[in-house]
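Here is a short briefing on one protein chain. Look over the sequence and the model first, then read the points below.

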Amino acid sequence: MLYVKNVPSWERAARFVMGAGLGAVAVTQYGATPIGYAIGAMGVMAAMSGVLGFCPACALVGRKLRN
């Protein structure tokens with residue numbers, strides 16, 4: 001595996017929901033504008049970190065899962 005999961009399961013669910021919400025806001029409120037694309041990209045990144053269980057920013061600061 002290329003990465004080690006560093007996001008707990010409760011936070012993974014929250015990130016996925018937040019990402020889906022940001023994507024919905026980007027589409028419904030901003031459409032095809034630069035701010036809409038930016039918000040949509042943030043939503044995709046949040047949702048993907050929830051799906052994969054890995055956050056690159058958390059890895060940079062040394063965050064690890066506690067067992």
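The points below go from the overall fold to the helices, the salt bridges, single residues and the surface.

This is a predicted model. The chain has three helices and zero strands. Two salt bridges turn up in a search of the whole structure. A nonpolar surface patch covers about 540 Å².

**Overall fold**

- Read along the sequence, the pattern is α-α-α.
- The C-alpha trace spans about 40 × 20 × 20 Å along its principal axes.
- The chain has 67 residues, and buried residues make up 27% of them.
- Among contacts with a separation of 6 or more, 80% join residues 24 or more positions apart.
- The chain exposes about 4,800 Å². Carbon and sulfur atoms supply 72% of that area.

**Helix H2**

- Helix H2 runs over residues 34-52.
- How far apart are the end C-alpha atoms of H2? They are 27 Å apart. The expected span is also 27 Å, because the 19 residues of H2 are counted at 1.5 Å a residue, and the two values agree.
- The buried residues of H2 are Gly-36, Ile-39, Gly-40, Gly-43, Ala-46, Ala-47, Ser-49 and Gly-50.
- H1 is part of what covers these buried residues of H2.
- Gly-53 comes just after H2 and takes a positive phi of about 80°.

**Salt-bridge network**

- Side chains of opposite charge can pair when their charged atoms come close.
- Which residues are linked in a network of salt bridges? The network consists of Glu-11, Arg-15 and Arg-63.
- Glu-11 pairs with Arg-15, with the closest N and O atoms 2.8 Å apart. Both residues are in helix H1. They are four residues apart, so about one helical turn separates them.
- Glu-11 also meets Arg-63 in a salt bridge, at 2.6 Å from N to O. This pair links distant parts of the chain, 52 residues apart. Glu-11 is in helix H1, while Arg-63 is in the segment after helix H3 (56-60).
- Is each partner buried or partly exposed? Glu-11 is buried, with a relative accessible area of 13%. Arg-15 counts as buried because its relative accessibility is 15%, under the 20% cut-off. Arg-63 counts as partly exposed, at 29% relative accessibility.

**Ser-49**

- Ser-49 lies in helix H2. Its relative accessible area is 7%, so Ser-49 is buried.
- The side chain of Ser-49 reaches the backbone oxygen of Ala-46 at 2.9 Å. Ala-46 is itself one of the buried residues of H2.
- Not counting residues up to four places away in sequence, Ser-49 touches Arg-15 and Phe-54. Arg-15 is also a member of the salt-bridge network.

**Asn-6**

- Asn-6 lies in the segment before H1. At 3% relative accessibility, Asn-6 counts as buried.
- Which residues is Asn-6 in contact with, leaving aside neighbours within four places in sequence? They are Gly-53, Phe-54, Cys-55, Cys-58, Ala-59, Arg-63 and Leu-65.
- Some of these contacts recur in other points. Gly-53 is the residue with positive phi just after H2. Phe-54 is touched by Ser-49 as well. Arg-63 forms a salt bridge with Glu-11.

**Nonpolar surface patch**

- Phe-16, Val-17, Val-44, Met-48, Val-51 and Leu-52 make the patch of about 540 Å².
- Where do these residues come from? Helix H1 (9-30) and helix H2 (34-52) each supply at least two of them.
- H2 gives the largest share of the patch, with four residues.
- Met-48 is found in helix H2. Met-48 is partly exposed because its relative accessible area is 40%, between the 20% and 50% cut-offs.
- Ser-49 is in helix H2 too, but Ser-49 is buried at 7%.

Terms used. Residues are numbered from 1 along each chain as its sequence is written. This is a predicted model: local features need pLDDT of at least 70, side-chain atom pairs count only at pLDDT 80 or more; totals for chains, interfaces and linings use all residues. Side-chain values use heavy atoms; hydrogens and water are left out. Patches are made of residues with over 30% relative accessible area and no salt bridge: like charges are joined within 9 Å, nonpolar side chains (Val, Leu, Ile, Met, Phe, Trp, Tyr) within 5 Å. Accessible areas come from the Shrake-Rupley method with a 1.4 Å probe; for residues, only the protein chains shown count as cover. A salt bridge is a side-chain nitrogen of Lys or Arg within 4 Å of a carboxyl oxygen of Asp or Glu. Helices (H or I, at least four residues) and strands (E, at least two) are DSSP runs, numbered from the N terminus. Buried means under 20% relative accessible area, exposed over 50%, partly exposed in between (1.4 Å probe, protein chains only). A polar contact is a pair of N or O atoms within 3.5 Å; within protein, one must be able to donate a hydrogen and the other to accept it, and residues adjacent in sequence count only if both atoms are side-chain atoms. Contact means heavy atoms within 4.5 Å. The expected span of a helix is 1.5 Å times one less than its number of residues.
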